[in-house]
Amino acid sequence: MTNPPATQPRRTVRLSSHPLLRKYLSPLHADLKEVYARDLRKWLIIAPIIGLTVGLVITGVVIVLLEKLWPPVLTFYLCHHWAIVPGLALAFLLTGLIMQFLTPDPDEHSTEEIIRSYHEHEGRVDMRSFVPKLIAAITTVGFGGSAALEGPSIYGGAAIGSWLWSKLRSLRLDDRDRRIMLICGAAAGMSAVFRAPLTGIVFALEMPYRDDLAHEALVPSLIASVVSFVTLSSFLGATPLFNFISSTGYVRRDLYWSALLGLVVGLIAMMFVLMFRRVRRMFVKWSVAHWLKMTVGGALTGLCGVFFLRLYPGNLIPIGPNYEAVGSVLSQYHSSSQLIIFSALKLLATLFTLGAGGVSAMFVPLFLTGGSIGTAFGHSIVHSSSVDLYAAVGMASFISAGYKTPLAAVVFVAEATGGHAFIIPALIGAAVAYAVSGDASASGDQRLHEGVKVRKLQDS
């Protein structure tokens, strides 16, 4: 009887040692290591804290300005036209005094300060003037300055993000994280004030550059914007801020008209931005007290409102945050001549308000002006029954050209107005307006990305 053959010992083969497998697994391992190299865990803690804090602060600002202060002031102005000029002059005088005596530099505030902080100060914001600047924004906007809430919201959110960096250092934050938290807070502020989280994300990422995005802040901004939006909407609701929902679609010819409208709006925006930069420099260099500059700017802003009411008595007036004016332009009939004159005076009022040093920004003024021009264009040039389409295109085009934020412009129109059906025409108009307006930007501190600057230097 033969013995069975002895069992051969198994030979263990390590897959990673096989030459063929190692050839393909090594690049995969490197790719996975690169993908997960970022420490996302800390942002899952930090970004919600930023979003919640900013959401609560901006909710307070919105309630004070849009529910408590501006409605009675507007009613008083509409009933007593004589009070508009002195009312704005006194309000701007108060703003000037606050900025001159309670802040280190009265000409540094709002979006400009945040962009400069991102590029030059590693995301640091001087919190000693945080409260005075928010109060100055309330006196600027709440008493009729031609600006809106995006200025204090972007500044307030970004400042909170920068401040929280110093309070959360135990989470192993480095200097680069401070700039990310700055953008993260700005996105949260924009998201809350317009009840548009995607707009907040895209605008904050586009804000520092005229030609690129601040990519490193994407994930934290996404989280903070959603948390901030949920925080505000839990108090004030989540209805789109400028709601106009149209069931009307568009046809091919509307795309051609949208491109033409983008061209017209882009040229107007370019001329306005160039004029604004000149007027702003003139006021900054004017060798008088800041409060006097502001008083002059307030009186000139008030004159724009009085002049329009003389021509067209009613409830539409080109001063103040003008949230109610957006609804009026979108949902009520106004003649094309009235809309064009309203647009011109709105731009002039914005020029005097912010050029003199008013504490806010011009996102809503550009948005409203574009909507008014687009509505007039749809009425008089296209003779379209779907003027809301051209209002949406005009809005996106003016923001795109004025702020160099084409993606945020289109997203904002879709989110804030409910006009999702018009995204493609709005994209076309915004792209054309962005192209024809060149590098002219309402924000003088926006930069070209480093790669673009290097190429330009090489070409020269």
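How exposed is E122, by relative accessible area? E122 is partly exposed at 42%; the class spans the values between buried (under 20% relative accessible area) and exposed (over 50%), using a 1.4 Å probe and protein chains only.

This is a predicted model, where local features need pLDDT of at least 70, side-chain atom pairs count only at pLDDT 80 or more, and totals for chains, interfaces and linings use all residues. Residues are numbered from 1 along each chain as its sequence is written, and side-chain values use heavy atoms, with hydrogens and water left out.

**Overall fold**

The chain has 18 helices and zero strands. Both are DSSP runs numbered from the N terminus: helices are H or I with at least four residues, strands E with at least two. Of the 460 residues, 54% are buried. Contacts (heavy atoms within 4.5 Å) with a separation of 6 or more come 82% from residues 24 or more positions apart. About 20400 Å² of the chain is exposed, and carbon and sulfur atoms supply 64% of that area. Areas follow the Shrake-Rupley method with a 1.4 Å probe; for residues, only the protein chains shown count as cover.

**Positive phi in loops**

E122 is not a glycine, yet its phi is positive. K404 is not a glycine either, and its phi is also positive.

| Residue | Phi | Loop between | Relative accessible area |
|---|---|---|---|
| E122 | about 55° | α4 (110–120) and α5 (130–142) | 42%, partly exposed |
| K404 | about 60° | α15 (387–403) and α16 (406–417) | 2%, buried |

**Cysteines**

A disulfide here is a pair of cysteine sulfur atoms within 2.5 Å. The count is zero. C79 is exposed at 56% relative accessible area. C304 is buried at 5%.
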